[in-house]
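Please load the coordinates in your viewer and keep the sequence panel open. The tour goes from selection to selection.

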Amino acid sequence: MSTATSLPVARRILLGVTGGIAAYKSADLVRRLRERGAEVQVVMTDGATKFVTPLTFQALSGRPVRTDLWDDAAEAAMGHIELARWAELVLVAPASADFLARLAGGHADDLLSTACLATAAPVWVAPAMNREMWADASTQANVRTLAARGVRVLGPTEGSQACGETGPGRMLEPEALCAALFAAEDAGPLAGLNVVISAGPTREPLDPVRFISNRSSGKMGFAVAAAARDAGARVTLVSGPVSLATPAGLVRVDVETAAQMYAAVHGVIGTADIYIGAAAVADYTPVCCAEYKIKKTADCLELSLHKAPDILASVAALERRPYTVGFAAETNDVEKHALAKLVRKRLDLIAANEVGTDRAFDREDNALLLLWPGGRRELALQSKSALAREFVAVVAERFHAARQPAAAPVPVAG
Ligand code: PMT
């Protein structure tokens, strides 16, 4: 069990539901978590199934609900250890007095208690019970034990109870639980902003089976998308053909060609606050695509190419333009060429990387030189996900700085 009590926003949440009338509120909680882009795997104790059916949670979570440690078919799909590893956060809501006692005692006699023991993810509990049960010395001792081990205890709150009494013991409302889970995101530097990011290569077809493309894997753009999401942004990721899973919680639009990427970006750019062009878009595309496979007849084959649309420059040229960030992939004179692109394409910021067969493209790590009018910052070689977090922090800083109204001119005396 992890001792972490605060965390970046978790996208894979294992929701434990234990026996109590508040279990019905957890159905609404699942709905809210999914609306925020989380994947939710529900695990119910035997007692919980007496209050709400697994089918309700299955319909809301879109995943089969797990109830039994000894279910061979379910274990074959995702074993309890895998389940514990999958979770980025375990939230038990409602957590009954009995479950808190078993968790404090380190029991592993059902699926939920076993998952709580086996996970390295933070464990949070939202107790719900009768006020006397909550006030009882043994419950309080269990809660103290759990809190001392790093389990975060959310609530309970006071109010009228199902048993007719009034006092502390009500589970926090789903809205409050959701707010606690997404606190990091709601306070992030891009909270509430719409960010459109392009990633990956484009493919420009020559004939039905051949195309012109490049070595981009999409890793840099996808890492930037996940970092922007973690900074609180609503992210739309326009991706060329890559073999990467979509980071949870964002909208992905898949395209192949530069023309399709242009159309997809312009389809969503109207509401964007920030555009980040991390895709390696073709500069040139074949004038025409052969209807049939080109035959190997001539000794020499000439291809006729014309300029592909420049998506980045077209976004920067919009009358109501978002804060526009480009990338520059350069093999030589990196700063000079990147600076020229910043000016020529009228960008707000550019992220330059030195590229080559052993650099940046399709690598796990990268380094960036960030340039903006009047400023520069170097981000050292590191994993693309760590780099993306630093990069997004600078983009957020510059975005907010650009939004500040210009300082009023100082009145001149006399
Ligand atoms: O995908 P990875 O394997 O992780 O590799 C990451 C990366 C090296 C591809 C990435 O870090 C990167 O540098 N992306 C931009 C690649 C590129 O096309 O650079 P460029 O210097 O040719 O283009 C300059 C800018 O104009 C880029 O923001 C590009 O998206 C944009 N552009 C280019 C051509 C075009 N037709 N339309 C555009 O919008």
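**Selections, stop by stop**

Begin with phenylalanine 399: its relative accessibility is 4%, so the residue counts as buried. Bear in mind throughout that this is a predicted model.

Add tyrosine 323 to the selection. At 8% relative accessibility, tyrosine 323 is buried. Which parts of the chain do these two residues belong to? Tyrosine 323 is in strand S16 (residues 323–330) and phenylalanine 399 in helix H15 (residues 384–403), so the pair ties together parts 76 residues apart in sequence.

Keep strand S16 and helix H15 on screen and select phenylalanine 327 and phenylalanine 391. Phenylalanine 327 lies in strand S16 and phenylalanine 391 in helix H15, 64 residues apart, so this pair too links distant parts of the chain. Their rings form an edge-to-face aromatic pair, with 5.5 Å from centre to centre and 65° between the planes. Buried or exposed, how do the two residues count? Phenylalanine 327 has 14% relative accessibility and counts as buried; phenylalanine 391, at 0%, is buried as well.

How many aromatic pairs does the structure hold? The count is 2. In the pair of tyrosine 323 and phenylalanine 399, the ring centres are 5.9 Å apart and the planes stand at 90°, so the arrangement is edge-to-face.

Next come charges over rings. Select arginine 36 with phenylalanine 182: the arginine lies over the face of the ring, 4.3 Å from the ring centre. Then select arginine 152 with tryptophan 124, where the charged end of the arginine sits over the ring at 4.5 Å from its centre.

Now turn to salt bridges. A search of the whole structure gives 31 of them. Select arginine 63 and glutamate 39, whose side chains meet in a salt bridge at 3.0 Å, N to O. Arginine 63 is in the loop between helix H2 (54–61) and helix H3 (72–77), while glutamate 39 is in strand S2 (residues 39–44), so the bridge ties together parts 24 residues apart in sequence. Glutamate 39 has 30% relative accessibility and counts as partly exposed.

For another bridge, select lysine 345 and aspartate 310; the N to O distance is 2.7 Å. Lysine 345 is in the loop between helix H14 (334–344) and strand S17 (349–354), and aspartate 310 is in the loop between strand S15 (305–307) and helix H13 (311–316), 35 residues apart. Lysine 345 is buried, at a relative accessible area of 17%, whereas aspartate 310 is partly exposed at 33%.

Move on to glutamate 378 and arginine 376, joined by a salt bridge at 3.0 Å, N to O. Glutamate 378 counts as exposed, with 57% relative accessibility. Arginine 376 is partly exposed, at 40%.

A group selection follows: Asp28, Arg31, Arg32 and Glu35. These residues are linked in a network of salt bridges.

The tour ends at methionine 133, in helix H7 (residues 131–135). What does methionine 133 touch, leaving aside residues up to four places away in sequence? The contacts are Ala97 and Thr139. Measure from methionine 133 to aspartate 98 in the viewer: the C-alpha atoms are 9.8 Å apart in space, and the residues are 35 apart in sequence. Methionine 133 has 42% relative accessibility; buried means under 20% and exposed over 50%, so methionine 133 counts as partly exposed.

How values were computed:
Residues numbered from 1 in each chain as written. Predicted model: local features only at pLDDT ≥ 70, side-chain atom pairs only at ≥ 80, totals over all residues. Heavy atoms only, no water. Phe/Tyr/Trp six-rings, centres within 6.5 Å; stacked < 30°, edge-to-face > 60°. Helix = DSSP H or I, 4+ residues; strand = E, 2+ residues; numbered from the N terminus. Buried < 20%, exposed > 50% of the residue type's maximum accessible area, 1.4 Å probe, protein only. Lys NZ or Arg CZ within 6 Å of the ring centre and 35° of its normal. Salt bridge = Lys/Arg side-chain N within 4 Å of Asp/Glu carboxyl O. Contact = heavy atoms within 4.5 Å.
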